[in-house]
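Notebook open, coffee poured. Today I'm looking up who touches what in this structure.

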2 protein chains.
Amino acid sequence: MHGELQELGRAVKQAQYRQHRALDSALQAVGTTLAQWDALRAISRSPGASARELAAATFQTEQAFGTLAGRLTAQDLVERRPGHGRRIEHHLTPAGEQVLAAGRKVADRVLADCFSALPDTDRATLLDLLRRLNTLQEAH
Amino acid sequence: MHGELQELGRAVKQAQYRQHRALDSALQAVGTTLAQWDALRAISRSPGASARELAAATFQTEQAFGTLAGRLTAQDLVERRPGHGRRIEHHLTPAGEQVLAAGRKVADRVLADCFSALPDTDRATLLDLLRRLNTLQEAH
DNA sequence: CAGCATAACTAAACATCTTTATATAAGCTA
DNA sequence: TAGCTTATATAAAGATGTTTAGTTATGCTG
């Protein structure tokens, strides 16, 4: 039982690692990185969101997202406008939209490749299991 | 189809992130970190292994493992002896063994907690799917 | 209004990891 | 033996992330 849990943990890590590496490498061709593209994607999903909200959406701390957003702003991919209170609202620039779109094409290809090892049914099962694992954890 | 793959990717990342956070936080109580404990575990599994081998076992680059091993050596948890060629052989010190054991107790508890959301059968299915995903990828 | 609570951003230190480049040891081969 | 190849390690720079500790803006409450 013990060994099985440790193996499960390692399997999750390994899967995530492969995915991360594959995406990050491929995104270089579009001149971006996984962390940055993921941030662009999050901003695109919630235009005007605060750094705090976006940090949560991308699974990291506010500070980490803050420096990332700084790099994106320096590249003119993101615009940060002051909002209510200390809030800062994030929006994609046209250049940011372009990088996001280019990255999406790459990511779709890479992810398809990553998961092509599993037939459709199994992939669906996997998604279901992970979804349950993650949502049940949230309650906890 | 596209959206489903992206969601799958995010689900994997989220599961790994939770696990990482939970383990890392809990391991603080034993005075170590997830990265360091994982390195100790890898060394314990293959005593005398080179940095290169251990880097692969812990899913990272040689350089990353090198600095990690440096920190562990500084803490007297690991001993590095010169081997054949430029090879460096890694062994746990008695203190390292102790930290490893203490961490194992913590990790077992945390992992059990992490995956308790899923019933036994589902957990087994998840492990099977991940295992297949990872091994099939290796061939590729 | 004064004090406190909450939300949100920032700073500094440091751990971790990657990339790119370089160095060194052994073995093989011509 | 000289040169190539392979295995292994290290260095330096920078990206990414966490922790701990502020700072600032708003709102609430007495």
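**DNA strand D**

I started with A:Arg71: one of its polar side-chain atoms lies 2.7 Å from a phosphate oxygen of DNA strand D. That fits a polar contact (a pair of N or O atoms within 3.5 Å; within protein, one must be able to donate a hydrogen and the other to accept it, and residues adjacent in sequence count only if both atoms are side-chain atoms).

Before going on, I noted that this is a predicted model, where local features need pLDDT of at least 70, side-chain atom pairs count only at pLDDT 80 or more, and totals for chains, interfaces and linings use all residues. Residues are numbered from 1 along each chain as its sequence is written, chains are lettered from A and ligands numbered from 1 in the order in which they are written, and side-chain values use heavy atoms, with hydrogens and water left out.

Next I looked at the bases. The side chain of A:Arg86 has an N or O atom 2.5 Å from a base oxygen of DNA strand D. For B:Glu62, I found a side-chain N or O atom 3.2 Å from a base nitrogen of that strand.

**Chain B and chain A**

How many residues of chain B are in contact with chain A? I got 52, and they meet 52 residues of chain A; contact means heavy atoms within 4.5 Å.

I also looked for salt bridges (a side-chain nitrogen of Lys or Arg within 4 Å of a carboxyl oxygen of Asp or Glu). The rule finds 6 across this interface. I wrote down A:Asp122 with B:Arg132, at 2.4 Å from N to O. Polar contacts link 16 residue pairs between the two chains, both residues at pLDDT 80 or more.
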